[in-house]
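Hi,

I'm passing a structure on to you, as it is now your turn to look at it. Please open it first, and then read on.

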Amino acid sequence: MIKIIEAELGQAYLCQKILQLLPEWFGIEAAVTHYINEIDKLPTFLAWKEKQVVGFLSIKQHTEFADEIYVMAVHPQFHRQGIGYQLVEVAEKNLRKQVIEYLQVKTLGASRPNFHYAQTRAFYQSIGFKPLEEFLELWQGNPCVQMVKSL
Ligand SMILES: CC(C)(COP(=O)(O)OP(=O)(O)OC[C@H]1O[C@@H](n2cnc3c(N)ncnc32)[C@H](O)[C@@H]1OP(=O)(O)O)[C@@H](O)C(=O)NCCC(=O)NCCS
C-alpha cells in the first residue's frame, strides 16, 4: 500500500538516496547536488510504503498559471508499480485546487538517443504530457525537451 503525503519543504534528506540509486538518470555529481539543493527549497510530495520513502516529486511554480515537475524519481525496486502515476495524480489534484492550468516537465530530448530517458519520456507521455519543443542551448551539452500538460 502506497501513501502519498502532501507536499512539504525540506525533504531532500529523504529523497537523496533514491537519486543515488538511479545513476543512469542522475549520474553527474554536480547535477545531483543541484537537485538536492532545489528539492529542499521546493514543495515535495513523498510516496511512502510503510516506513520507506519509495518516490518523490518536487513542484516549482513559474507563474500564476503554470507549474513544473522540477524533479521526480521512484526507487528502482519499485518501478512500474504505479507509484510515479500516483505521485503525479496527487500533485495535479493539488495544483487544480490552486487554479493552476498548465504543468510542464523538462527531460532529455529524443535527439540524443538514450535508452533510460526514452523510458522517462514514455512515462510522461503515458500520463498525458505532450512534447512541446526541444531546446539545444538550455542545458549545456544536452538537448532538453519541454513536455506540457493542460490541467
Ligand atoms: C519515470 C518514473 C518516475 C516513473 O515512475 P514509475 O512508478 O516507474 O511509473 P508508473 O509505474 O507509474 O508508470 C505509469 C505508466 O508509465 C509508462 N511507463 C512507466 N515506465 C515505463 C517504461 N520503463 N517504459 C515504457 N513505459 C513506461 C507506462 O505506460 C506505465 O503504465 P503501465 O505500467 O500500466 O504500462 C520512474 O521510472 C523513475 O524514477 N525513473 C528514473 C528517474 C526519472 O526518469 N525521473 C524523471 C525525470 S528526471
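Below are my notes on the nonpolar cores, the helices, the aromatic pairs and a few backbone details.

Before anything else, please keep in mind that this is a predicted model.

I began with the interior. In soluble globular proteins, nonpolar side chains tend to be buried together. Here the largest nonpolar core has 24 residues, and the members that touch the most others are L57, I59, I69, I83, L87, Y124 and F129. Two or more residues of this core come from each of β1 (2–8), β2 (44–49), β3 (52–61), β4, α3 (83–97), β5 and β7. Helix α3 gives the largest share, 5 residues.

L87 is a good place to centre your view. Setting aside residues up to four places away in sequence, L87 touches I4, F45, L46, A47, G55, F56, L57, M72 and V74. There is also a second core of 20 residues, separate from the one above, and L19, L22, V53 and F56 are among its members.

Next, the helices, starting with α1. This helix runs over residues 12–20, and its buried residues are A12, C15, I18 and L19. Why do they sit on the same side of α1? Because they cover an arc of only 115° around the axis. Y13, K17 and Q20 are on the other side of α1, and they are exposed. The buried residues of α1 are covered by elements that include α2 (29–41), β2, β3 and β4. One of the residues named above, L19, also belongs to the second core.

Helix α2 holds a residue that you may want to look at, E38. With a relative accessible area of 13%, E38 counts as buried, because the cut-off for that is under 20%. Apart from its neighbours within four places in sequence, E38 is in contact with K60 and Y70.

Helix α4 is the one I followed from end to end. It spans residues 115–126, 12 residues in total, and its first and last C-alpha atoms are 17 Å apart, close to the 16 Å expected at 1.5 Å a residue. At the N-terminal end, N114 acts as the cap, with a side-chain oxygen 2.9 Å from the backbone nitrogen of H116. After the helix comes G128, which has a positive phi near 105°.

Which residues of α4 are buried? They are Y117, T120, R121 and Y124. They lie on the same side of α4, because the arc they cover around the axis is only 95°. F115 and S126, on the other side of α4, are exposed. The cover over the buried residues of α4 includes β4 (66–74), β5 (102–108) and β7 (142–150). Y124, on the buried side, is also one of the residues that touch the most other members of the largest core.

Now the aromatic rings. How many aromatic pairs does the structure hold? There are 4. One of them is F26 with Y35, an edge-to-face pair at 5.7 Å centre to centre and 90° between the planes. Both F26 and Y35 are buried. Another pair, F123 with Y124, is tilted, with 5.2 Å between the centres and 55° between the planes. In this pair F123 is partly exposed, at a relative accessible area of 24%, whereas Y124 is buried, at 6%. F26 and Y35 also belong to one aromatic cluster together with Y70, and Y70 is one of the contacts of E38.

Finally, two backbone details in loops. R80 is not a glycine, yet its phi is positive, at about 65°. You will find R80 in the loop between β4 and α3. Is R80 buried or exposed? It is exposed, with a relative accessible area of 86%. V99 is also not a glycine and has a positive phi, about 60°. V99 lies in the loop between α3 and β5, and its relative accessibility of 60% makes it exposed.

That is everything I have for now. Enjoy looking around, and write back whenever you like.

Best wishes

Notes. Residues are numbered from 1 along each chain as its sequence is written. This is a predicted model: local features need pLDDT of at least 70, side-chain atom pairs count only at pLDDT 80 or more; totals for chains, interfaces and linings use all residues. Side-chain values use heavy atoms; hydrogens and water are left out. Rings of Phe, Tyr and Trp (its six-membered ring) pair if their centres lie within 6.5 Å; planes under 30 degrees apart count as stacked, over 60 as edge-to-face and the rest as tilted. Buried means under 20% relative accessible area, exposed over 50%, partly exposed in between (1.4 Å probe, protein chains only). Helices (H or I, at least four residues) and strands (E, at least two) are DSSP runs, numbered from the N terminus. The expected span of a helix is 1.5 Å times one less than its number of residues. The arc is that of the directions from the helix axis to the C-beta atoms. Contact means heavy atoms within 4.5 Å. A polar contact is a pair of N or O atoms within 3.5 Å; within protein, one must be able to donate a hydrogen and the other to accept it, and residues adjacent in sequence count only if both atoms are side-chain atoms. A nonpolar core is a set of buried Ala, Val, Leu, Ile, Met, Phe, Trp, Tyr and Cys residues joined through side-chain atoms within 4.5 Å.
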